[in-house]
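User: Could you take a close look at the disulfide bonding here? I would like the geometry, the surroundings and the cut-offs behind each term.

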Amino acid sequence: LRRNKWSCFYNGKMRLDIIANKKYLDVNKETGELYVVEKIDREHICTTKSSSSCYLKLELILENPVRIFNIEVEILDMNDNAPQFRRDVIHLDISEATANGEKFSLSNAVDPDIGSNSVKTYHLSESEYFNIEVQTGRDGSKFAELILKRNLDREQQSVHNLILTAVDGGTPARSGTASVIVRVLDMNDNAPKFEKTNMSVKILENSPIGSLVIDLDAIDLDEGSNSEITYTYSLYTQEKTQDTFNLNPATGEITVKGMLNYEDFKIYDMEVIATDKGTNSLSGQCTIKILVEDMNDNHPEISIKSFQSPVNENIELDTVIAVVSVSDKDSGDNGIVDLSIPKNMPFKLRESSDNYYELVVSEPLDREKVPEYDITFTVTDRGSPPLSDNETMTLELLDVNDNVPQFPQSFYTIRVMENNAPGALLSSLTAFDPDLHENQYLVYFIIEKEIANTSMSMLFSINPENGNLYALKTFDYEIEKEFLFHIEARDSGSPPLSSNVTVHIIIVDQNDNAPVIEKIPRSTDKGSLVAKVIALDTDSVHNSRITYQFLQVTDATLFSLDQYNGEIRTMRMFSYRDPRHQRLVVVAKDNGQPALSATVTIKLSTVETAVKAYSDMTEMPLEYDIFSDLNLYLVIGLGSVSFLLLITILVTIVLKCQKPKPSKTAAPCRNSVISERNSTIADSTLVSNDAYWYSLFLAETRKGKLVVRQPMPKGSRYIVSSIPRGTGLTDTSDSAPSTLQVCMSIIYLLLLCQFLKNIHGDILLDIGVFQFFSSHYFRSTIYTTPFEAY
């Protein structure tokens, strides 16, 4: 705006009108100065750039008088506007196949200013692919063209972002910018590529159908259809592989199509081709190796190659009993197996070769303890979790005769009541042998042992099969009190084994003998020895000191008892008032604490005949048997025997003088004493239902001799006959005395000795005298009964 000062002197009214514009100017009515009322924008007022000039047209109206003036105010341009592009972003699509030097038009910038203040030039941001060239249009406007300097590669850079700057010529210069986005159009110049051309994939066997093996992702740097890929198997892929695995052609996923078994097929090789969908399609390929990983899905197996059963229980150590092989179809740790047997068995495993084991004996075997073994072979692999299998074999042991028979006791004490019946069962001595069959079959024997020239097998018998012990005879406690012998049990093995046991037979006494009644004359003097009681105590000296006293007595004034030596003596003479029979009970006590005792009963009978009192007796405690009126009997007997002896001598002399003819029908025999049971004999026969054996022992004492008698077995009847009846036999011996002569001589000798003993008490006769005479007379005699032998 050119500012001019208008000076006018007008006292009337004036008015300023703006023609077709906004009121930018006004006039001072007083001074006439034209001033700017509102900021003036040339580009707003003059919208067209067809003319380089821009004016504001005014009308000044004066009144009184009215006058009109036309005023033009020229508005000069100033550089108050920067260049502007019609679009802030310029998009260009350029194919990556475009040749170098190709030009692309760009939108030009607009600057409302005119002249030198308008767009003068363009600038492009730095780029190795593009450059610009500024062109001048027919109207003088400036515009730029984009020039390609080098080939584009969309796969390297698909978009290029450029800045285009427009600069005006004002001072100072103003500029405006626009973004140029160059999108590189693709062409199918890249083939699909896999990340790896050779891949290896592991998959577990027995994976379910549909399990993903691998997801193939081929990369095609192109875009659009040029980058759309289809996956296929190549012709080099085996049908087995194609049947086992499925390839998705769109996604490239390979999944399990069939069952996988490591033991059947371990590795699958395949070749996959990726092809794009470009006009001129390109493809890439890769090789895939699928490794099937073993799972522990196979149980280990046991194979018994050999097994020796049964075996002898005495088999040697380290002997091979069985050979076992093990296997597992799996691999790695899943295929490594371990074989074991139960602990605490007398066997061990010994590895002989790969997966072969020997079962050997490691400890001695004993069939009696364990007759058979159930050996369980357990095979276990080392997989996770481990799998195992087992097989049980039974090893039977054959018996060997290695055990001796065993008795439950090493010593048997058997008590047998006397007067037992012959053949009675005494006890069952059964042994046990833990062996089997013939090694277990036992046979029992009595080990021979003689007692008093009598064999044990004559007294006892044992059942060889069951060990039952029997008595073969009737025992008499008064004769035999005990037996000690051995019994052997022997098995039937080869060689046989045996053991023995000691048997102690104790004969138990029965009250089978009537008490002996001691007879004493009623004329016995005071202080006479009636009897003597002797008790024995096997304890030590102090405890074996015995004292005697009466426990019961018929008349306490008649007998006295020495408390230390047990002698019973009369305290006075017998009177007619005294009972004929006396009963004394004597108790013997030791000196122990507490004291132990034993009792004995003595029965006395008084007789009128004078009997010499017994003298002191300190020897063996034997039963006394004094015959009453013995002197009378001896005199009569001595006379009878003398007469019979005389007759016998005469008969013998007569027979000597004759010469008898030998008998052809009569066999020689001896007169004997015959033992029978339940017999009835008439003439010259003495029958005794309560017979006793009378053994005469003439033992030296201080003042006399003792007679001891022993009973015969109960139930026997002994018949003593002087002449056998009905035999018709005669003595044919000329040299040996007849049985009658011998018997008469012995009886005569006995009676004579007893008679002399009663006449003179100091005569001593030893048993040897009797033995001498008996051996002289019985030298050639065969005895048929115990009595006859006696």
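Analyst: **The disulfide**

Cys46 and Cys54 are joined in a disulfide, with their sulfur atoms 1.5 Å apart; the term is used for a pair of cysteine sulfur atoms within 2.5 Å. Please keep in mind that this is a predicted model, where local features need pLDDT of at least 70, side-chain atom pairs count only at pLDDT 80 or more, and totals for chains, interfaces and linings use all residues. Residues are numbered from 1 along each chain as its sequence is written, and side-chain values use heavy atoms, with hydrogens and water left out.

Why is the disulfide of Cys46 and Cys54 right-handed? The torsion about its S-S bond is about 90 degrees, so the disulfide of Cys46 and Cys54 has that hand. A search of the whole structure finds one disulfide.

Now to the surroundings: are Cys46 and Cys54 buried or exposed? Cys46 has a relative accessible area of 16%, so Cys46 is buried. Cys54 is buried too, with a relative accessible area of 1%. Here buried means under 20% relative accessible area, exposed means over 50%, and partly exposed lies in between (1.4 Å probe, protein chains only). Another cysteine, Cys286, also counts as buried, because its relative accessibility is 1%.

For contrast, here is a residue of another class. Arg583 has a relative accessible area of 37%, so Arg583 is partly exposed. The C-alpha atoms of Arg583 and Thr554 are separated by 5.7 Å, although these residues are 29 apart along the chain.
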